Structures are given as structure tokens and as C-alpha cells.
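Student: I would like a close look at a single part of this protein, taken slowly and with its surroundings kept in view. Could you choose one stretch, go through it carefully, and then connect it to the rest of the chain?

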Amino acid sequence: MRIVLGVSGGIAAYKACSLLRSFSEDGHDVTVVPTAAALRFVGAPTWAALSGKPVSDDVWSQVHEVPHVRLGQQADLVVVAPATADLLAKAAHGIADDLLTNTLLTAHCPVVLAPAMHTEMWQHPATVANVATLRERGVHVMDPASGRLTGADSGPGRLPEPADIAAYCAPFLTGDPSDLRDLAGLHVLVTAGGTREPLDPVRYLGNRSSGKQGYALAAVAARRGAQVTLVSTVSTPAPPGCALVRVETALQLRDAVLAADADVVVMAAAVADFRPDHAATAKIKKTFDPATPDAAPIVQLVRNPDILAELLTRRGEGTAPVLVGFAAETGDEHGSVLDHARAKLARKPVDLLVANEVGDGVTFGQDDTTVHLLSGDGATPRDIGPADKTAVAHAVWDAVRDIRGTV
Ligand code: C5P
């Protein structure tokens, strides 16, 4: 595939040489576009020798080939490593004063920016706002690594290791690029994992949800071009291209979901219906009541808000966001998994209900799952699987894409 490797002017520019090598060794066709400042750190002969192509930082070389437009238009992936605070600012504001910034404005393909700068610069409100703008636009801005910086200081701001940047880019470099971007322009929010409702500082009421399906949904949406917010209760790092919001309780998850202005909300998380009415501030002791040493405490539960029901009430008739609910069901003497899912859809009229069969060792924590997709329009359910959670995620996004055409 055709990769444009942008290099902006930071001391970490030398690390882009390893990234270039790894892309080339994987068989990709890499054009290096440094900025003038990058060339003060690593010279054009190095980039030319490693890429086997001429190297230019301005728009005045080979003008007859219109490189300032052609490079971006023809690329399958644009990666900028390192991306300095200056480069992020220019990209966020659409400034085009050299070959790299022109290329960023003409790229139709996924764009990955790997920032590197001092912690103060990364945390400055101007940079924070620029990164937020870029992510909102669907640009994949990696989080910088933490550690030793150029000087004696350390903190977030190090360029992620070249191997990590290459791994981040890998999903964009497989398959047919034309079918990877069908969710471009959509902001999707996915919840993942099971909520933990604290009893005291060390104990909680939880459930068996591993978050794997939610992570697969987020990863696939990012790969298909969506801007993804992943609201997660588990400690797994975010998949490439996803902004991660960590939460623990149903109330925190509700706040995160309601704060986002998403086009699609996929509630894959297992949200606890109840929580202890209060969490003890100190650990509850085994002999919590010295008067009756063998007694056990009684935990009073209160209802959690139903977030999906709240979203349904808020959005009114026929407007965004598209809402996707999950139903973890077991069949019983009253009906099959599908019967229970139909009843749930009648109670919670979401646009798409993903019903899956659960039980001991089935679905929770497993890689394969069987689901039934029930759309709100009453069409015949689609049965998916047994299939891995990535395949299920693709089927869910296919259905969302079709629903978006009608909502
Ligand atoms: O009605 P039930 O709880 O089975 O519906 C499950 C769906 O509702 C899931 O998508 C889950 O994420 C969501 N849910 C919620 N808030 C709750 C409980 C469930 O949004 N308190």
C-alpha cells in the first residue's frame, strides 16, 4: 500500500527511520515528506536512501507532477511521526505552508499522528484543543508515550516506539481500502465491560462481562473510519484510533454517555441494574457488629438509572443517535432466547437489539459467540455465528450503516 510518512521537526525524527524501514520491509511503498525543521535533525539523503525516492519538504520541486495534491490523494495511509505541537496546530487549523501540511489537506485516507513534544506542550490547552479538534474530524491521534524526554525531565510526550506506531497502523494497511471507510464522518460511542458498584473501598458488586465484544465493536468502527469513543470499565488499552473514557460505576457510565454527542450509541456494557444504596468509606469487617459476631450485614440495593431507556426518551421520534442495545439472554420455560429478545425490543424500542446467548462459560469472556440481530422495524432477525467477536462487530456495523440510511 502507499504510505506517506510525514516527519516534523522534533529530536525523535531519527526514530522515524526505523518506522520507515519496518513499513518498507512489510512491502509498502513509502514516500517520506519531512518538514524543513525535520531536515535539521535528519537530512534528506538519509530519507532518500532509506525510501529509495526523492525527498522534498516544499511544494516547488517537480511542480509538473503537482505533488502537493497528488501525494495526499493517492495515499492509502498518511502517518506523521513525530508530530510536533506546531504540526498538530497547523493540521487542526488547515494551514498548508509546506508539502506535508498540503498533503494532510488532500488526504482521503486514514491519517495517523504520533505526537512527540515536551509534557508542558502536550498538556497546554492549545494542544489539547487541537488534538480534540483533530480527533473529532476522524484523525487518529495516538497518545504519546510517557518516560524520559529530551532533557533530564520525564512525563507524557515521548514518541511512541516505532514498533507501537507500526502496530497502531497495521489495521489500516490490510484489505481493500475502499471498504474500510464506510463509517467515516460518524461519531460512535461504544460502552464495554461490566459496571462495578462499590460496597466498600475493596469490594464491589460486579458481573462477568469481559468487555471483549465492546472492544471488538470499537476497533472495527475505527478501522471502518468512524470517530470512536470507547467508554470502558476494563483496564485493557483502547484499540487503535479510539478515544478511551474509563469508568467504573453505572452512574459514571451514564455521565460519560450523556456527555457525548454521538451519532450512534452502542450499549454493549453490562450495566448493573442495582447498586448498594451507599458504599462504606472503610472496609466492612467480618465481625462488623461486636454484639452479634456471627451475623452478616444486609446490603440494601437501590435501582440504577436505565441509560438506554433514558437515551430513548431523550431523542424523540426518528432522530439521532441510532441506538443499539444488547440483551444477554438464556432460554427458559417461558420462551427461547429469541422470544425474550423480542419482548425486550417491545419494551425498549431501540433501532437494533443484539441478543446473545449467555450462561456459564458461554459468551462471557469467550472469543466466539452466537447472536441474533433484531432491528426495530420488525424485520426477520439475522442470526450470526458462532463467530468471533470481530465478525459479530462487522455484522453489527453493517446493520447500523443500513439503519442510518433510514433513520
Ligand atoms: O433491559 P436490559 O437491562 O436487559 O437491557 C440491556 C441493555 O440496556 C444493554 O444494552 C445495556 O447496556 C442497557 N442498560 C442500560 N442501563 C441499565 C441496564 C442496562 O443502559 N441500567
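Tutor: Let us first agree that a contact means heavy atoms within 4.5 Å of each other. The model is a predicted one, and the part I choose is helix 6, which covers residues 99–106.

Helix 6 includes Thr 106, and Thr 103 also lies in helix 6. If residues up to four places away in sequence are set aside, the contacts of Thr 106 are His 68, Val 69, Gly 72 and Gln 73. Under the corresponding exclusion, Thr 103 touches Val 4, His 68, Leu 71, Gly 72 and Val 78. His 68 and Gly 72 thus appear in both sets of neighbours.

How buried are these two threonines? Thr 103 has a relative accessible area of 0% and is therefore buried. For Thr 106 the relative accessible area is 18%, and because buried means under 20%, Thr 106 is counted as buried as well. For the setting as a whole, buried residues make up 47% of the 407 residues in the protein chain.

One of the contacts of Thr 103, Val 78, leads us to the sheet, since strand 3 spans residues 77–83. Strand 3 belongs to an open sheet of five strands, ordered 2-1-3-4-5 and paired in parallel. The edges of this sheet are formed by strand 2 (29–34) and strand 5 (140–141), each of which pairs on one side only. In general terms, the strands of a sheet pair through backbone hydrogen bonds, either parallel or antiparallel. Strand 4 (residues 111–115) and strand 5 pair in the parallel sense over two bridges, and Leu 113 stands opposite Val 141 in strand 5. Helix 9, made of residues 162–169, lies across strand 3, strand 4 and strand 5, and runs at about 155° to strand 3.

Strand 3 also holds Pro 82, which is joined to Ala 81 by a cis peptide bond with omega at about -5°. A cis peptide bond is likewise found from Gly 385 to Pro 386, where omega is near 5°, and Pro 386 sits in strand 19, residues 382–388.

For a view of another part of the chain, consider a pair of helices. The axes of helix 11 (residues 250–259) and helix 12 (residues 307–315) come within 10 Å and cross at roughly 30°; the two helices are therefore roughly parallel to each other, and their crossing is right-handed. On the side of helix 11 the contact is made by Ala 250, Leu 253, Arg 254, Val 257 and Leu 258, while helix 12 contributes Ile 307, Glu 310, Leu 311 and Arg 314. Sorted by character, the residues of this contact comprise six nonpolar, three charged and no polar ones.

Finally, the whole chain gives these details their frame. The protein chain has 14 helices and 19 strands, and its C-alpha atoms fill a box of roughly 80 × 55 × 35 Å along the principal axes. Of the contacts with a separation of 6 or more, 69% join residues that are 24 or more positions apart. The contact of Thr 103 with Val 4, described above, links helix 6 to a residue early in the numbering.

Definitions and conventions
Residues numbered from 1 in each chain as written. Predicted model: local features only at pLDDT ≥ 70, side-chain atom pairs only at ≥ 80, totals over all residues. Heavy atoms only, no water. Axes fitted to C-alpha atoms, helices over the stretch in contact; angles between N-to-C directions. Helix = DSSP H or I, 4+ residues; strand = E, 2+ residues; numbered from the N terminus. Parallel < 35°, antiparallel > 145°, perpendicular 65-115°, else oblique. Left-handed = near helix turned anticlockwise from the far one by under 90°. Nonpolar A, V, L, I, M, F, W, Y, C, P; charged D, E, K, R; others polar. Buried < 20%, exposed > 50% of the residue type's maximum accessible area, 1.4 Å probe, protein only. Pairing = 2+ DSSP bridges.
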